[in-house]
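Q: I'm new to this structure and would love a friendly close look at one part of it. Please start with a single residue and then show me what lies around it.

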Amino acid sequence: MNSIKEIIRQYGGNTGLLLQIILAVQDAAPLNYLSEEAVNEIASEMNISRSRVYSTASFYSEVSLKPRGSHVIRVCSNAPCENAQKALILTSIEKELGIIAGQTTPDRLFTLECVNCLGACYMSPAIKIDETIYGNLTPDSAVSIIRRLRKEHQNEQSA
Amino acid sequence: MSRVLNHELIFNICPDRYVDLPTYCCHGGYTALKKVLEQAPETAIKEIEEAGLRGRGGAAFPTANKIKMVRSNPSDLRYIICNADEGEPGTFKDRFIMTHIPFQLLEGITIAAFLAGAGHGYIYIRHEYPEAQRIMRESIIEAQKSGLLGSNIMGSSYNFTLELFSGAGSYLCGEETALISSIEGKKGRPRLKPPYPTEAGLWNKPTLINNVETLSNIPKIIQNGAKWYRSLGTQDSPGTKLISLSGDVNRRGLYEVPFGISFNQIINKYGEGTKPGRAIKAVNIGGASGVLIPPDLLDTPLEYLACAKTGITIGSGAVFVLDDTRSILANVHNRLRFFLHESCGKCTPCREGLRQTNIIMDRLLSRKAVKTDIDTLTRYTRAIQDASFCGLGQAAGNSLHSSLMYYAEEYLAACQDNQLSHNKEVTA
Ligand code: SF4
Ligand code: FES
């Protein structure tokens, strides 16, 4: 895993690239978020104030200041998806995970978020899990994707 | 996904076909760049001007003028930014261009950069598009290796470097000055215009910002000429437009259509109409910031002038169909919630106004509103529209305004006092 120092060095310590650095640090963090320690380190390494880092970080919804799970599930909330019964998909996922949107499962495996259009409205309702988009979902197919991911995780653990 | 319906195409996007560099070159790719590098820049700018290309991101500003403005500004440095922050709900055209024909976009960016006199550029791609980011990143490297980016492009004396910049989940960063702030490492909040980016953009240098679709048009214009390009659309709106068709149609998808065809044709020919037994209730054009129009306006041709006359904003080219089972109020509410969430909070009318309109919409949808609430709603949205600092607030009320115009009875029916008087009449 890249240390924060290394990431900053890769970007040449350029403050103009602060957002890119924040995203890279978040991607490298095991809990998928920007911790207070990370903010402190970015600030001191780049010689800028902590509030400058927070100011940029807190503006963007893809930067999380709270720990997240290893898989981030993003459910699209916009009109084309909402019309395609997004609510049913969301409740079925919430029920499966035992959490509501905005929360992380206690085992830190999943975080559920509502986001804006994923550019997949031609296959709404759509969700994105990590880097993959799933479309034309039914409550059942959404749940089975989650179960598959959980199973993969369990297999990795026991392997 | 584009289906050929007897017209020539500029994009030729197939859902399952990725066009790699050799294939792109086989079909005339990079001949336009070669041509441009060998001529005086003015010749190509004139071709784009005669073609009548306008910005496809939503604002429809003449592309050649923008290039000229950047070019004519004396400066040691000039930049180009490709705006790939496609965040307009219901729109997915830029994503398809990037993941399917990335080199057409890269060629377009390089030509535009050369014409504007820019030596360095960025593609700002939203964070929600990791696949597009990956493909564009790899394509940039491949173009560099093949001498199509970097120093002495295609053996000329032109040097141009291009970098990818990732957004981080902010719709507002699609606004050009907000996007610039974001690249500069700050919050993505808009700046006051003027000065326009063409004068003082990124790091205060003249900057050309264009949408993905706009830039991807350029190689074809240079390759085939303005006359050919004009033969595709109409006098007022030459060329073709990518339409993201979604909602209650049989065949949702991305379609490249010639300007001048009607929205009815888009929905029926390309989208194969609505589900059996269902009629169209309303169509949202231009995404969340667009309008909601009733079926009798669907004969309007897709054309900037004709649409402006009918109050339709083509915007990014999203066409979202609602059939007669849908609630207008719920749809408008969805859009207002979206804008409240994306408002950057810099100015009061947008920040507070949207909060209040959402409260009233909540009341309406839970049948707790009274008739005077509708007047308040109208007043608030007018204020948001007139007094907001940037385009987000100015356009946030478009779907509300249009729906109040065409579907007022739905709002009235949702009011408590309307129900009461109605009941009284019935019992009397
Ligand atoms: S209109 Fe809205 S988004 Fe634009 S500056 Fe004002 S608060 Fe920010
Ligand atoms: S509206 Fe959900 S993916 Fe576009």
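In which helix of chain B is Ile374(B) found?

A: Happy to walk you through it. Keep in mind from the start that this is a predicted model. Ile374(B) is part of helix 14 of chain B, which covers residues 371-387.

Let's look at how covered this residue is. The relative accessible area of Ile374(B) is 10%. Buried means under 20%, so Ile374(B) counts as buried.

What does Ile374(B) touch? Setting aside neighbours within four places in sequence, the residues in contact with Ile374(B) are Leu404(B), Tyr411(B), Leu412(B) and Cys415(B). Take Cys415(B) as an example: it is 41 residues away from Ile374(B) along the chain, while the C-alpha atoms of the two are separated by 8.7 Å.

That contact fits into a picture of the whole chain. In chain B, among contacts with a separation of 6 or more, 72% are between residues 24 or more positions apart. The burial of Ile374(B) also has plenty of company, since buried residues make up 60% of the 428 residues in chain B.

For another view of the same chain, turn to Ser289(B). This residue is found in a loop of chain B, between strand 7 (280-285) and strand 8 (291-293). Ser289(B) is buried as well, with a relative accessible area of 16%. Not counting residues up to four places away in sequence, Ser289(B) touches Glu88(B), Tyr171(B), Thr313(B), Phe339(B), Ala395(B) and Asn398(B).

A helix of chain B can be covered along its length, too. Helix 5 of chain B (residues 93-100) is largely enclosed by the rest of the structure, because eight of its eight residues are buried. Among them are the charged-type residues Lys93(B), Asp94(B) and Arg95(B). The list of buried residues in helix 5 of chain B also includes Phe96(B), Ile97(B), Met98(B), Thr99(B) and His100(B).

Now step back to chain B as a whole. Its secondary structure comes to 18 helices and nine strands. The radius of gyration of chain B is 23 Å, which agrees with the value near 22 Å that a compact globule of 428 residues would have. Along the principal axes, the C-alpha atoms of chain B fill a box of roughly 90 × 45 × 35 Å. Chain B exposes about 16,100 Å², and carbon and sulfur atoms supply 53% of that area. As for charge, chain B has 47 positive and 43 negative side chains, with the centres of the two sets 2 Å apart.

Chain A is the other chain to meet. It has seven helices and four strands, and along the sequence these follow the pattern α-α-α-α-β-α-α-β-β-β-α. The C-alpha atoms of chain A fill a box of roughly 50 × 40 × 25 Å along the principal axes. Of the 159 residues in chain A, 52% are buried. Among contacts in chain A with a separation of 6 or more, residues 24 or more positions apart account for 61%.

A good place to look in chain A is strand 1 (residues 71-76), where six of the six residues are buried. On one side of strand 1 of chain A are His71(A), Ile73(A) and Val75(A), and on the other are Val72(A), Arg74(A) and Cys76(A); both faces are covered.

Strand 1 of chain A also has pairing partners. With strand 2 (residues 110-115) of chain A, strand 1 runs parallel and is joined by six bridges; here Phe110(A) is the bridge partner of His71(A). With strand 3 (residues 127-129) of chain A, the pairing is antiparallel and spans three bridges, and Val75(A) stands opposite Ile127(A). Strand 2 of chain A is mostly covered as well, with five of its six residues buried.

To finish with the surface of chain A, about 7,300 Å² is exposed, 48% of it supplied by carbon and sulfur atoms. Chain A has 15 positive and 17 negative side chains, and the centres of those two sets lie 2 Å apart.

Notes. Residues numbered from 1 in each chain as written. Chains lettered and ligands numbered in written order. Predicted model: local features only at pLDDT ≥ 70, side-chain atom pairs only at ≥ 80, totals over all residues. Heavy atoms only, no water. Helix = DSSP H or I, 4+ residues; strand = E, 2+ residues; numbered from the N terminus. Rg over C-alpha atoms; globule rule 2.2 N^0.38 Å. Buried < 20%, exposed > 50% of the residue type's maximum accessible area, 1.4 Å probe, protein only. Contact = heavy atoms within 4.5 Å. Areas by Shrake-Rupley, 256 points an atom, 1.4 Å probe, with all protein chains shown as cover. Charge placed at Lys NZ, Arg CZ, Asp CG, Glu CD. Pairing = 2+ DSSP bridges.
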